[in-house]
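Reader: I'd like to talk through a protein model with a ligand in it. Can you pull it up so we can go over the site and then the fold?

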Amino acid sequence: MVDVPGGALHGDVKKIYVLAAVMAVSLSAEAHSHSASKPEKFATSYLDVAGRVRHGGRFSISELKAIPSVTLLNFDIVSKHGTQRIRSLKGVLLKNLLDRAEIENGEWGGTKKMYIVASASDGYKAVFSWSELFNSPLGEGVIVGYERDGQEISDNEGKLVLVSAKDTFTGARYVKWLQKVEVRKISK
Ligand SMILES: Nc1nc2c(c(=O)[nH]1)N[C@H]1C(S)=C(S)[C@@H](COP(=O)(O)O)O[C@H]1N2
Ligand SMILES: [Mo]
């Protein structure tokens with residue numbers, strides 16, 4: 001259990017620490033497993049492109065398939081639990097999608113203050129800076145994926161996902177059940 005620093009706390013205070021620790025552990029266990037019990041209920045079949053763009057809107061999977069695709073080959077989704085190998089993931093480059101939607105820079109240098117939030121239907125979110133996507137090699141590995149190894153991605157993690165294949169720990173920005181990408185700008 002927890003190691004209370006000093007160890008000289010009064011008994012009741014100690015009990016409160018232990019209780020709080022037990023609650024924290026069970027809450028985080030629940031947070032981690034909420035999508036593990038019935039993952040298919042989070043399946044997504046469209047993507048919203050929103051925020052500071054001129055032509056936002058909702059893309060169905062067939063609309064995404066009409067955009068020139070890229071296929072990422074042989075990369076790993078690395079997490080602290082282990083590694084899953086993806087042999088092939090087909091989809092659309094996120095920066096291509098954003099170019100089509102036309103980011104509104106608003107002021108000189110505006111894009112450099114922008115970031116993109118990718119959100120999933122279970123509430124999971126990952127952030128990219130505009131510069132990472134458009135001014136670094138990392139951007140070539142960030143795709144909205146709709147087909148894995150020649151097949152529709154299973155509802156257990158799809159049908160849409162976002163991956164940043166050039167990350168070190170790819171698990172962190174692997175967004176299962178991708179639902180929305182939103183362009184935002186820091187306020188000052
Ligand atoms: N939508 C969504 N995507 C997510 C997660 C999540 O909870 N929800 N977990 C992330 C984490 S922490 C990791 S390591 C990878 C792989 O998670 P998995 O092993 O549960 O598939 O997916 C990532 N993508
Ligand atoms: Mo993770």
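**The ligand shell and the fold**

Author: Let's start with the shell around ligand 1, keeping in mind that this is a predicted model. Its residues split into four nonpolar, two polar and two charged.

Reader: Which residues are around ligand 1?

Author: Aspartate 122 is in that shell, and so is Lys176. Reading the whole set along the chain, you get Ser79, Ala120, Asp122, Tyr124, Gly171, Tyr174, Lys176 and Trp177.

Reader: How far is a nitrogen atom of ligand 1 from an N or O atom in the side chain of aspartate 122?

Author: Ligand nitrogen turns up in several polar contacts here. The backbone of tyrosine 174 puts an N or O atom 2.4 Å from a ligand nitrogen, and a polar backbone atom of lysine 176 sits 2.9 Å from one. For aspartate 122 the side chain makes the contact, and the distance is 2.7 Å.

Reader: What share of the accessible area of ligand 1 does the protein cover?

Author: Taken on its own, ligand 1 has 520 Å² of accessible area. The part covered by the protein comes to 72%.

Reader: OK, zooming out: what pattern does the protein follow along the sequence?

Author: There are four helices and ten strands to place. Read in order, they give α-β-β-α-β-β-α-β-β-α-β-β-β-β.

Reader: And what percentage of the 188 residues count as buried?

Author: Buried here means under 20% relative accessible area. The protein exposes about 10,800 Å², with carbon and sulfur atoms supplying 54% of that. Going by residues, the buried share of the 188 is 39%.

Notes:
Residues are numbered from 1 along each chain as its sequence is written. Chains are lettered from A and ligands numbered from 1 in the order in which they are written. This is a predicted model: local features need pLDDT of at least 70, side-chain atom pairs count only at pLDDT 80 or more; totals for chains, interfaces and linings use all residues. Side-chain values use heavy atoms; hydrogens and water are left out. A residue is near a molecule or strand if one of its heavy atoms lies within 4 Å of it. A polar contact is a pair of N or O atoms within 3.5 Å; within protein, one must be able to donate a hydrogen and the other to accept it, and residues adjacent in sequence count only if both atoms are side-chain atoms. Accessible areas come from the Shrake-Rupley method with a 1.4 Å probe; for residues, only the protein chains shown count as cover. Ala, Val, Leu, Ile, Met, Phe, Trp, Tyr, Cys and Pro count as nonpolar, Asp, Glu, Lys and Arg as charged, and the others, Gly among them, as polar. Helices (H or I, at least four residues) and strands (E, at least two) are DSSP runs, numbered from the N terminus. Buried means under 20% relative accessible area, exposed over 50%, partly exposed in between (1.4 Å probe, protein chains only).
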